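Colleague: Before I rely on any of the labels attached to this structure, I would like to go through them with you and hear the reasoning behind each.

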Amino acid sequence: WERAQILEEDDPHTALEELSQVVARNPNNWMAYYARGRLARESGNPGLALADFAEASRLAGNDPTPRCQRGRVLRMLGRLAEALAEDALAEKLAPRSPLVYAWRAATHTARKNHAAAVLDCERALELDPESPDLLE
C-alpha cells in the first residue's frame with residue numbers, strides 16, 4: 001500500500017498494478033478502491049476510476065469522499081448531470097461537510113450555473129471558514 005503511494009509519481013503503471021493487488025487481497029476495503037481510483041483518474045483511465053469510486057462508495061457507508069471523486073471524474077468526462085447526481089448523494093451522506101459543497105460548486109461552474117456555484121461556495125465557507133482547502 002505505502003509502496004504504491006511512493007511509486008505513484010515515478011512509476012504510475014507499477015503503482016496501479018500494486019494497488020490492484022491490494023484490492024484483490026482486500027476486496028472489502030473501500031480505501032483500496034479509492035486509492036486505485038484516484039491513481040486511475042490521474043493516469044488517464046477514467047473507466048477504472050469510475051468503477052473503483054463506485055465500489056468505494058458502496059463500501060464506504062457514510063463517507064462522501066468516493067462519491068465526490070466519482071463526480072469529479074464525471075465532470076472531467078463532461079457528464080455533468082451524472083456528476084451533479086453524485087454530488088447530491090454526497091450531500092445526503094454528509095450535509096455538514098464543506099468539501100461536498102466545494103465539489104458541487106465545481107460541477108455547477110462546469111454547467112455554467114454560476115449563481116448555484118456561488119451559493120455552494122458560500123455554504124462551504126459558512127461550514128468551515130478557516131479551511132485552507134476552500135480558500136485556495
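**Reasoning behind the labels**

Modeller: Let us begin with helix H8 (residues 114-127), which holds both Arg123 and Glu126, three residues apart, or about one turn of the helix. Please keep in mind throughout that this is a predicted model.

Colleague: What makes the meeting of Arg123 and Glu126 a salt bridge?

Modeller: The N to O distance between their side chains is 2.8 Å, and the definition asks for a side-chain nitrogen of Lys or Arg within 4 Å of a carboxyl oxygen of Asp or Glu, so the pair qualifies. In general, side chains of opposite charge can pair when their charged atoms come close.

Colleague: Why is Glu126 called exposed, and why is Arg123 called partly exposed?

Modeller: Glu126 has a relative accessible area of 57%, and exposed means over 50%, so Glu126 earns that word. Arg123 has 24%, which falls between the 20% and 50% limits and therefore counts as partly exposed.

Colleague: How do you know that Arg123 lies over the face of Tyr101?

Modeller: Arg123 is placed at 5.5 Å from the ring centre of Tyr101, and the distance part of the criterion is within 6 Å for CZ of Arg.

Colleague: Why is the pair of Trp30 and Tyr34 called edge-to-face?

Modeller: The structure holds two aromatic pairs. In the one formed by Trp30 and Tyr34, the ring centres are 5.9 Å apart and the planes stand at 70°; a pair needs centres within 6.5 Å, and planes over 60 degrees apart count as edge-to-face, so both tests are met. Both residues belong to helix H3 (residues 30-42), four residues apart.

Colleague: Why, then, is the pair of Tyr34 and Phe53 called tilted?

Modeller: Their ring centres are 5.6 Å apart, but their planes are at 55°, which is neither under 30 nor over 60 degrees, so the pair is tilted. Because Tyr34 lies in helix H3 and Phe53 in helix H4 (residues 46-60), this pair ties together parts that are 19 residues apart in sequence. Trp30, Tyr34 and Phe53 form one aromatic cluster.

Colleague: What makes Tyr34 and Phe53 buried?

Modeller: Tyr34 has 13% relative accessibility and Phe53 has 0%; buried means under 20%, so both count as buried. Both are also listed, with Trp30, Leu39, Ala49, Ala56 and Val73, as touching the most other members among the 20 residues in the largest nonpolar core. Helix H3 gives the most to this core, with seven residues.

Colleague: What makes Glu86 and Arg67 partners in a salt bridge, and what does the pair link?

Modeller: Their side chains meet at 3.0 Å, N to O, and the limit is 4 Å, so the label holds. The pair links distant parts of the chain, with Glu86 in helix H6 and Arg67 in helix H5, 19 residues apart. Glu86, at 8% relative accessibility, counts as buried, whereas Arg67, with a relative accessible area of 21%, is partly exposed.

Colleague: Why does the pair of Glu42 and Arg38 count as a salt bridge?

Modeller: The closest N and O atoms of Glu42 and Arg38 are 3.2 Å apart, which is within 4 Å and therefore satisfies the criterion. Being four residues apart in helix H3, they are separated by about one helical turn. Glu42 is partly exposed at 46% relative accessible area, and Arg38 is partly exposed at 22%.

Key. Residues are numbered from 1 along each chain as its sequence is written. This is a predicted model: local features need pLDDT of at least 70, side-chain atom pairs count only at pLDDT 80 or more; totals for chains, interfaces and linings use all residues. Side-chain values use heavy atoms; hydrogens and water are left out. Rings of Phe, Tyr and Trp (its six-membered ring) pair if their centres lie within 6.5 Å; planes under 30 degrees apart count as stacked, over 60 as edge-to-face and the rest as tilted. Helices (H or I, at least four residues) and strands (E, at least two) are DSSP runs, numbered from the N terminus. Buried means under 20% relative accessible area, exposed over 50%, partly exposed in between (1.4 Å probe, protein chains only). A charge sits over a ring if NZ of Lys or CZ of Arg is within 6 Å of the ring centre and within 35 degrees of the ring normal. A nonpolar core is a set of buried Ala, Val, Leu, Ile, Met, Phe, Trp, Tyr and Cys residues joined through side-chain atoms within 4.5 Å.
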